[in-house]
Amino acid sequence: MILCYNCCALPLSRIYHFIRKYKKIDFKDLTIKDFFFFNKMLTPSFITIAYWIASVLIGINALAMILDSFAAFPHSFTMGLVAFFTSIINLIVGFILTRIGFELICVLFNINHNIQKLANENTDCEKQEESSSSNTVN
């Protein structure tokens with residue numbers, strides 16, 4: 001059993017099932033040539049993991065800033081109050097900007113994917129036209 005963030009028991013089999021269900025990392029078709037010549041993109045597979053790591057780090061940073069603001073209250077009430085509200089704003093803006101940044105990265109990869117699909121469709125159409133024109137010439 002693994003304990004999740006709200007202290008309830010979460011069986012390992014449920015975590016494994018969740019990972020298998022939403023798995024985006026697929027290395028079956030990856031060849032050495034694809035890896036070294038960037039024919040297949042690996043980054044979209046890791047975007048979600050990087051986003052959650054960044055979100056956790058932002059949350060930890062904001063929590064540390066909030067605790068530091070409480071430590072500043074005995075020295076100066078105004079300084080502690082400003083530090084407290086600054087840390088709350090940092091938390092909110094940090095989550096929003098992180099989400100926007102990772103969404104922009106995902107949009108770029110979706111554009112790349114759609115361009116590759118269009119290029120593949122065009123080459124397939126050209127091959128069909130060439131084969132049909134060679135059949136009519138003979």
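## Cysteines and disulfides

The structure holds 0 disulfides, and this statement, like every other in this report, concerns a predicted model. In general terms, a disulfide is a covalent bond between the sulfur atoms of two cysteines. Cys-106 has a relative accessible area of 32%, and is therefore classed as partly exposed. Cys-125 is likewise partly exposed, its relative accessible area being 41%.

## The overall fold

The protein chain contains 4 helices and 2 strands, and when it is read along the sequence these elements follow the pattern β-β-α-α-α-α. Helix H1 covers 12-21 and helix H2 covers 32-36, while helix H3 is made of residues 43-72 and helix H4 of residues 77-137.

How much of the protein chain counts as buried? Of its 138 residues, 12% fall into that class. The protein chain exposes about 11400 Å², and carbon and sulfur atoms supply 69% of this area. If one takes the contacts between residues at least 6 apart in sequence, 43% of them join residues at least 24 apart.

## Where helix H3 meets helix H4

Ser-87 is a useful place to begin, since this residue belongs to helix H4 and is buried because its relative accessible area is 0%, which is under the 20% cut-off. The side chain of Ser-87 reaches the backbone oxygen of Phe-84 at a distance of 2.6 Å. Once neighbours within four places in sequence are set aside, Ser-87 is in contact with Ala-62, Met-65 and Ile-66.

Met-65, one of these partners of Ser-87, lies in helix H3 and counts as partly exposed, with a relative accessibility of 25%. Apart from residues up to four places away in sequence, Met-65 touches Ser-87 and Asn-90. Met-65 and Ile-88 are 23 residues apart in sequence, yet 8.6 Å separates them in space, taken from C-alpha to C-alpha.

A second serine, Ser-69, also lies in helix H3. Is Ser-69 buried or exposed? Ser-69 counts as buried, because its relative accessibility is 0%. Which residues does Ser-69 touch when those up to four places away in sequence are not counted? They are Gly-80, Ala-83 and Phe-84, and Phe-84 is also the residue whose backbone oxygen is reached by the side chain of Ser-87.

## Two leucines in loops

Leu-30 is found in the loop between helix H1 and helix H2, whereas Leu-42 is found in the loop between H2 and H3. Both residues are partly exposed, for Leu-30 has a relative accessible area of 23% and Leu-42 has one of 22%.

Although 12 residues separate Leu-30 and Leu-42 along the chain, their C-alpha atoms are 9.5 Å apart in space. With its neighbours within four places in sequence left aside, Leu-30 is in contact with Phe-35, Lys-40 and Leu-42, so that the two loops named above are linked by a contact between these leucines.

## A salt bridge in helix H4

The structure holds 1 salt bridge, and Glu-103 forms this link with Arg-99, the closest N and O atoms being 2.7 Å apart. Side chains of opposite charge can pair when their charged atoms come close. Because Glu-103 and Arg-99 are 4 residues apart in helix H4, about one helical turn separates them. Glu-103 has a relative accessible area of 38% and is therefore partly exposed, and Arg-99 is placed in the partly exposed class as well, at 41%.

## A nonpolar surface patch

What forms the nonpolar patch on the surface? The patch is made up of Ile-89, Ile-92, Val-93, Ile-96, Leu-97, Ile-100 and Leu-104, which together have about 660 Å² of accessible area. Ile-100, one of the members of this patch, has its place in helix H4. The relative accessibility of Ile-100 is 41%, so this residue counts as partly exposed.

Note on methods: Residues are numbered from 1 along each chain as its sequence is written. This is a predicted model: local features need pLDDT of at least 70, side-chain atom pairs count only at pLDDT 80 or more; totals for chains, interfaces and linings use all residues. Side-chain values use heavy atoms; hydrogens and water are left out. Patches are made of residues with over 30% relative accessible area and no salt bridge: like charges are joined within 9 Å, nonpolar side chains (Val, Leu, Ile, Met, Phe, Trp, Tyr) within 5 Å. Accessible areas come from the Shrake-Rupley method with a 1.4 Å probe; for residues, only the protein chains shown count as cover. A salt bridge is a side-chain nitrogen of Lys or Arg within 4 Å of a carboxyl oxygen of Asp or Glu. Buried means under 20% relative accessible area, exposed over 50%, partly exposed in between (1.4 Å probe, protein chains only). Contact means heavy atoms within 4.5 Å. A disulfide is a pair of cysteine sulfur atoms within 2.5 Å. A polar contact is a pair of N or O atoms within 3.5 Å; within protein, one must be able to donate a hydrogen and the other to accept it, and residues adjacent in sequence count only if both atoms are side-chain atoms.
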